[in-house]
Amino acid sequence: QVQLVESGGGLVQAGGSLRLSCAASGRTFFSINTMGWFRQAPGKEREFVAAINWRGVRTYYADSVNGRFTISRDNAENTSYLQLNSARPEDTAVYYCGVASRWLGEGLVREGGRYDYWGQGTQVIVSL
């Protein structure tokens with residue numbers, strides 16, 4: 001089992017920045033390759049935001065955040081980060097991190113059903 005805990009959410013003004021963290025614990029050595037971030041706004045379905053592979057050299061982003069958000073990871077700390085820059089009101093959502101035991105690849109990282117474990121989420125609110 002792997003436990004994931006997100007943190008770093010909060011209220012930020014449009015144009016501002018925020019850094020989210022996702023800390024993994026449990027059987028992390030054998031259970032984590034892909035680390036991803038998704039978000040769900042009120043009344044909307046969960047959507048893919050970003051993903052990163054084990055070595056951190058492959059990253060993928062949703063078009064809506066590409067160039068503004070940056071995903072990274074620290075394997076020594078079993079932690080993934082999502083840096084939100086130039087925040088927009090439409091970025092308001094609950095942000096979830098997920099992990100998969102294998103590298104999902106470009107074709108599958110956007111599919112939430114492919115991830116094995118999920119955190120409880122952290123709320124991000126972007127005000128005008």
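**An aromatic cluster in a predicted single-chain model**

Good morning. Of the 128 residues in this chain, buried residues make up 46%. What we have before us is a predicted model, and I shall begin with the chain as a whole before turning to its aromatic residues.

The secondary structure comprises one helix and eleven strands. Reading from the N terminus, the order of elements is β-β-β-α-β-β-β-β-β-β-β-β. The helix therefore follows three strands and precedes eight, as that order of elements under the DSSP assignment shows.

As to overall dimensions, the C-alpha trace spans about 45 × 25 × 25 Å along its principal axes. The radius of gyration of the chain is 13 Å; this agrees with the value near 14 Å that a compact globule of 128 residues would have. Contacts tell us about the range of the fold in sequence: among those between residues at least 6 apart, 60% join residues at least 24 apart. The chain exposes about 6,600 Å², and carbon and sulfur atoms supply 45% of that area.

I now come to the aromatic residues. A pair of aromatic rings is described by the distance of the centres and the angle of the planes. In this model the count comes to five aromatic pairs. Consider the pair formed by Phe38 and Tyr115: the ring centres are 5.2 Å apart and the planes stand at 80°, which is over 60 degrees, so the pair is edge-to-face. Which parts of the chain does this pair tie together? Phe38 belongs to strand S4, residues 34-40, whereas Tyr115 lies in the loop between strand S9 (93-100) and strand S10 (117-118), so the pair ties together parts that are 77 residues apart in sequence.

Both partners are shielded. Phe38 counts as buried, at 2% relative accessibility, and Tyr115 counts as buried at 6%. Tyr115 also pairs with Trp118: here the centres are 5.5 Å apart and the planes are at 45°, so this pair is tilted. Trp118, at 25% relative accessibility, counts as partly exposed.

Taken together, ring pairs link Phe38, Phe48, Tyr115 and Trp118 into a cluster. Where does the charged end of Arg46 sit with respect to the ring of Trp118? It sits over that ring, 4.2 Å from its centre. The charged end of Arg46 also sits over the ring of Phe38, 5.6 Å from the centre of that ring.

Let me turn next to Val109, in the loop between S9 and S10. Is Val109 buried or exposed? With a relative accessible area of 0%, Val109 is buried. Leaving aside neighbours within four places in sequence, Val109 is in contact with Thr34, Phe38, Phe48, Ala51, Tyr60, Trp103, Leu104 and Tyr115. Among these contacts are Phe38, Phe48 and Tyr115, which are members of the ring cluster. The C-alpha atoms of Val109 and Ala50 are separated by 8.2 Å, although these residues are 59 residues apart along the chain.

Val5 offers a contrast in accessibility. Val5 is placed in strand S1, residues 2-7, and is exposed, with a relative accessible area of 52%. Apart from neighbours within four places in sequence, Val5 is in contact with Ser21, Cys22 and Ala23. Between the C-alpha atoms of Val5 and Thr92, which are 87 residues apart along the chain, the separation is 19 Å.

To close, I return to the cluster of Phe38, Phe48, Tyr115 and Trp118, with Arg46 placed over the rings of Phe38 and Trp118. Thank you.

Definitions and conventions
Residues numbered from 1 in each chain as written. Predicted model: local features only at pLDDT ≥ 70, side-chain atom pairs only at ≥ 80, totals over all residues. Heavy atoms only, no water. Phe/Tyr/Trp six-rings, centres within 6.5 Å; stacked < 30°, edge-to-face > 60°. Helix = DSSP H or I, 4+ residues; strand = E, 2+ residues; numbered from the N terminus. Buried < 20%, exposed > 50% of the residue type's maximum accessible area, 1.4 Å probe, protein only. Lys NZ or Arg CZ within 6 Å of the ring centre and 35° of its normal. Rg over C-alpha atoms; globule rule 2.2 N^0.38 Å. Contact = heavy atoms within 4.5 Å. Areas by Shrake-Rupley, 256 points an atom, 1.4 Å probe, with all protein chains shown as cover.
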